[in-house]
Amino acid sequence: MSLPPIVVFDLDGTLAETAPDIMRTLNVILEQEGLAALPVERARELVGAGARALIERGFKVSGRPLDPETLEQLFEGFLGIYADGIAGNSFIHEGVVAALDELAADGFVFAVCTNKPILHTRLFLDHFGLSERFAAIAGRDSFPFFKPDPRHLTQTIAQAGADPARAVMVGDSRTDVDTARAAGIPVICVPFGYTDVPVEALAPDLVIQHFSELPPAVRQLTDRKPAFATHS
Ligand SMILES: O=C(O)COP(=O)(O)O
Ligand SMILES: [Mg+2]
């Protein structure tokens, strides 16, 4: 039996708007350290490479040096603060569930490959009742490597038991495009996530404006026709 095709999703900024709760957590930490809170709009340049990088970048834009030991302490604090109220102001983007339903009817399976810690990733997806929709869920700490290392993506696909030759990545940032390119997997970008340059500048295979555009985009890139195409 052949392996199923797969769509692998980035989480922050792609499947979900998570910036309000991520930035709220960062601001608790910055204020604890005597620094000014940053506006949620800064998420576009700060989020995307995981919680440690977020804290580092938050200190950098605040003009405060940060030594490695303090970073580790603050990261430990971040884990608890963010987990507590992880979905307070976050939401799954409109059309995600309908797109999953439509692609599942075509035989696709799904996975999440995110640089969010796996603890938060699972908590978040559980909160929205979505965990069981994914054949594999991989966070930044699920393997000894993480995006943009292509093995984060290829191992996620392997764990999902899917066909890497009929895989598509969906993301919102340079990290996702670089990961997919290095893995030789086509990539679709959403323009409403966390990136400091327009996603078009990252040259993904396709850009979708809304998740209603995802099923045809995925079919185009995997050369698959809708299940009932022959009847139309
Ligand atoms: O939380 C982050 O910094 C990155 O998460 P993502 O890989 O889901 O965009
Ligand atoms: Mg992202």
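## Contact between the two domains

In this predicted model, 15 residues of domain 1 are in contact with 14 residues of domain 2, where contact means that the C-beta atoms of two residues, placed from the backbone, lie within 7 Å. On the side of domain 1 that touches domain 2, the largest share, 3 residues, comes from helix α6 (residues 118–127); helices (H or I, at least four residues) and strands (E, at least two) are DSSP runs, numbered from the N terminus. The residues of that side of domain 1 divide into 4 nonpolar, 7 polar and 4 charged, with Ala, Val, Leu, Ile, Met, Phe, Trp, Tyr, Cys and Pro counted as nonpolar, Asp, Glu, Lys and Arg as charged, and the others, Gly among them, as polar.

The domain assignment of the protein chain gives domain 1 as 6–17 + 90–231 and domain 2 as 19–83, the bounds coming from an automatic or database domain assignment. Taken over C-alpha atoms, the centres of domain 1 and domain 2 are separated by 25 Å.

## Numbering and confidence

Residues are numbered from 1 along each chain as its sequence is written, while chains are lettered from A and ligands numbered from 1 in the order in which they are written. Local features need pLDDT of at least 70 and side-chain atom pairs count only at pLDDT 80 or more, whereas totals for chains, interfaces and linings use all residues.

## The shell around ligand 1

The shell around ligand 1 draws at least three residues from each of domain 1 and domain 2. Among the residues around ligand 1 are Asp10, Leu11, Asp12, Gly13, Val47, Gly48, Thr114, Asn115 and Lys116, a residue being near the ligand if its C-beta atom, placed from the backbone, lies within 6 Å of it. By class, this shell divides into 4 nonpolar, 5 polar and 3 charged residues.

## Asp10

Asp10, one of the residues around ligand 1, is found in the loop between β1 (6–9) and β2 (16–17). UniProt places the feature "active site" at Asp10 in an unreviewed entry; UniProt positions are given in the numbering used here, feature names are shortened, and annotations may be inferred rather than shown by experiment.

Asp10 counts as buried because it has 30 C-beta neighbours inside 10 Å; the class is buried at 20 or more other C-beta atoms within 10 Å, exposed at 12 or fewer, and partly exposed in between, with C-beta atoms placed from the backbone. Leaving aside its neighbours within four places in sequence, Asp10 is in contact with Cys113, Thr114, Val170, Gly171, Asp172 and Asp176.
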